[in-house]
Structure formats: structure tokens, C-alpha cells
Amino acid sequence: MHSWLYSRLSRVDRLGLYIHIPFCEKKCYYCDFASYSGKRALVVPYLNALAKEIEAKTRGRCFDTIFIGGGTPSYLSSEELVILSGILSGVSRTEECEFTMECNPGNITKEKAKVLWGMGVNRISIGLQSSNDTLLMDIGRIHTFREFRDNFLMLREAGFKNINVDIIYGLPGETLEIFGKTLDDVAMLEPEHISCYSLIIEENTQFYVRRRRDTLILPDEDTEDAMKDLVTSRLESLGFLRYEISNYAREGFECRHNRNYWEFGEYIGCGAAAHEFTGGLRRENIRTVEGYIRSIESDSDAAVRVHENSREDSIEEFLFMGMRLVEGISLNSFKSRFSEDIMDIFGDVIRRHMGDGLLVIEGDRMRFTEKGMDLSNHVLSDLILTV
Ligand code: SF4
């Protein structure tokens, strides 16, 4: 094992657990996640397989964050959530463990909210995407804004004090006014956290096919740029702090689970398509529900890809992930992980982009300026070429 890897391992102080629930009621037209509709009959066999993997991978470990994502974890019935709760009851966690579950409007009920609260979930992430019902229908969502709002208030009533809302901008037919209204409608509900991403047309989605046929009308570049600017100005004026390229939170409510990814921390992943990173190894599980159940039932490894990070891989990831944070990366942390000063490797590129007004170094931290954040891909690819 490389010496840098030893130094990496000695520094582990937080550990996340990601659990993937790959079921959805209906596939949204923009979605390329490992999520499947029409597979309800596989939920219980899937949970049985998950129980085995979780038991094997979490034994002897203590988790600082748990994140149940999907797919749509709230697609599970109350009875199935109780099974999941039983599986997780044996997982050791820190006292202040952040425990998030993703939910989608349209399949959250009072009873399910009660089960989640009882199993220790203390953070909910709800996918809304837009408050405009026509747009919601046009992107294949199964709910209206009103249903979202009712679900949000019901979760509040059930006791949840930490709720994130996901928004996507740049949707087909979306105008700047419609998007501004979405931001206002969401902010009115006073969530603790908002994630706001621009629509990316991914392969293997309905939108990809429609774009190739020229039947997908997206906002033009200027409108999308204006939307991007509006996110930060509007949310900051409403009291949210931008702490990552696409994430905004009220003070004290940043997502600790995701922060661990951005800070190059370690995490275990369970379930179909789950990724994990421990001891310098990246592992990725088989993507299909059927394949996952089969491999776990036959005691085989569900991982279809295992990759040992080279020093260069890790430097790249440390920079790519860490520079997404508004506060940037710690130069001391870089040095202690990679036994080399960042300026000895990237000095020329860093000085050039500092001169361009895209990067700043303040004390121990290097971060993007506001202008640099917009051009982050350009700066990061320059850095990577140097590794
Ligand atoms: S609900 Fe989420 S995971 Fe499911 S299809 Fe829609 S975007 Fe994808």
C-alpha cells in the first residue's frame, strides 16, 4: 500500500452510510439515475438482500451520517419502511448522526412520516423541481405543487426540523418569471436547505431522445444564465447561505453527508448502483435490481467495479470535490494527505488564475472567487492537466 494511502487512512474521522432504494412510481423524463418503475414485486426481496449487505458492511463501524436515497425511498409502504427500520436498528451511529431520507411528493403519508420519525430520520430531502404544475407535468413528475406543500407541512407536523427541497432550473418552457416564482414559493415554506441544479440532458432519458428529434424546447443560454444568477441573489436575500456550487442552507443546516463527499471523506454504499469509498478503494455495485438481488443471494460481491485510487486520482478528486465548496480546500489538509505543498505541484496554474481574479488564497484556504465559481470547470481542468 502506498505511503500516502496510509496517511489518508490514519485521518479518517467521519464515516457516511449511503443506502440506495431504486424504486419509483414513474420515471421522470430527465432522469438517468438507477431508478425503476413497475417493480413493486421486487421490493421485499430487495430489502432482504439489502439487509445482508448492510449487516456485512456496517458491522464494527460507527456512522456519522446516514443517507437513504433513490429512486424514491418514500415509494416503500409503511410496512416496508418498518422492515427497513428493523434492518437499520443494528447499525451503530454517533449520537449526533445526521440521518436523511429522500421523499417525493405524491407518496408520503402521515403514517410513513411517523415511521420515519420513529426510525431516527432527522432530515428529509424532498424533490419538488418546480412550483409550476404545467412544468411538473411536462417533466414527468407525479405531483402538483399543492401536493408538495401539503406533504411539506405534514412532515413539519410530524416533527421534522431539517428539510431540504430540490429544485431544477432550465426546464423546457420555463421562463425567468416562472423560475423566480418557484424560488419564492419554496422560500415561503421556510425550508432549512435548498439544492438548486440546472437541467442536464443525460443519455438514456426521454428528454435526450426528444432533443435529438428537435422537439425539446429549452430556455436559451441568456435565460439560463439569468436563472443561475437569480438563484444566488434571491436565496441570499432570503437568508440562505450558499456553501457549495448548487447548495444553500440556513446557518447550521448544511448537509453533513454531502459535505463528507466534497471533503473527500469515506463512505460505505449499500444497494443497487451504490458507490463507496474506503481505504483508497472506490467500489460501485451492480445497477439492476434483479442483478443486485441475485448476487447478494448467491453470496457474491455485488460490486461490478473496484478501483484503487492512484495518487493522481486522489489529488484530482480532492480538488474537484473540495473546490465545489464556497470555502474551498484547506492547503494544510492537502499537504498532509499528499505529502507535498500544493504550490509545488500547481503553483504556475494557481498564480495565473489568481491573476485572472478566479482564485484566491486566504490563510489556509484556496477558493474560487464569485467569477471563478462560474468558470470553475475551466480552472479545474487546467489544474488537472498539471497532475
Ligand atoms: S422521482 Fe427522482 S429518481 Fe425517480 S425517476 Fe423521478 S427524478 Fe428519477
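Which domains does the domain assignment of the chain give, and with what bounds? I looked this up before anything else and noted domain 1 (3-262) and domain 2 (329-383). The model I am reading is a predicted one.

**Entry 1: the chain as a whole**

I took the centres of domain 1 and domain 2 over C-alpha atoms and found 30 Å between them. For secondary structure I recorded 16 helices and 15 strands in the chain. I then turned to the radius of gyration, which is 21 Å. The globule rule gives 21 Å for 387 residues, so I describe the chain as being as compact as a globular protein of that length. Along the principal axes, I noted that the C-alpha atoms fill a box of roughly 55 × 50 × 45 Å.

I next looked up burial and surface. Of the 387 residues, 52% count as buried. The chain exposes about 17500 Å², and I noted that carbon and sulfur atoms supply 50% of that area. I also checked how contacts are spread along the sequence: among those between residues at least 6 apart, 70% join residues at least 24 apart.

**Entry 2: the ligand shell**

Which residues are around the ligand? I listed Cys24, Lys26, Lys27, Cys28, Tyr30, Cys31, Phe33, Ser35, Gly71, Thr72, Asn104 and Arg141. Sorting this shell by class, I obtained 5 nonpolar, 4 polar and 3 charged residues.

One member of the shell, Gly71, drew my attention for its backbone. The peptide bond from Gly70 to Gly71 is cis, and I recorded its omega as near 20°. I placed Gly71 in the loop between strand 2 (62-70) and helix 3 (78-88). As background, I note that most peptide bonds are trans.

**Entry 3: positive phi values**

I kept in mind that most residues other than glycine have a negative phi. Asp214 has a positive phi of about 65°, although it is not a glycine. I located Asp214 in the loop between helix 8 (206-212) and helix 9 (221-237). Is Asp214 buried or exposed? Its relative accessibility is 67%, so I entered Asp214 as exposed.

I made a second such entry for Asp299, where phi is near 60°. Asp299 lies in the loop between helix 11 (289-297) and strand 12 (303-308). With a relative accessible area of 63%, Asp299 is exposed.

**Entry 4: two buried residues**

I looked up Val91 and found it in the loop between helix 3 and strand 3 (92-103). Its relative accessible area is 5%, and the cut-off for buried is under 20%, so I marked Val91 as buried. Which residues is Val91 in contact with, leaving aside its neighbours within four places in sequence? I recorded Leu17, Ile54, Thr58 and Phe63. For Leu17 I also took the separation: Val91 and Leu17 are 74 residues apart in sequence, and their C-alpha atoms are 9.7 Å apart in space.

I then examined Thr182, which is found in helix 7 (residues 176-188). Thr182 has a relative accessible area of 0%, and I entered it as buried. Leaving aside neighbours within four places in sequence, I found Thr182 in contact with Gln129, Ser130, Ser131, Asn132 and Ile167.

Technical notes
Residues numbered from 1 in each chain as written. Predicted model: local features only at pLDDT ≥ 70, side-chain atom pairs only at ≥ 80, totals over all residues. Heavy atoms only, no water. Near = heavy atom within 4 Å. Nonpolar A, V, L, I, M, F, W, Y, C, P; charged D, E, K, R; others polar. Helix = DSSP H or I, 4+ residues; strand = E, 2+ residues; numbered from the N terminus. Rg over C-alpha atoms; globule rule 2.2 N^0.38 Å. Buried < 20%, exposed > 50% of the residue type's maximum accessible area, 1.4 Å probe, protein only. Contact = heavy atoms within 4.5 Å. Areas by Shrake-Rupley, 256 points an atom, 1.4 Å probe, with all protein chains shown as cover. Domains from an automatic or database assignment.
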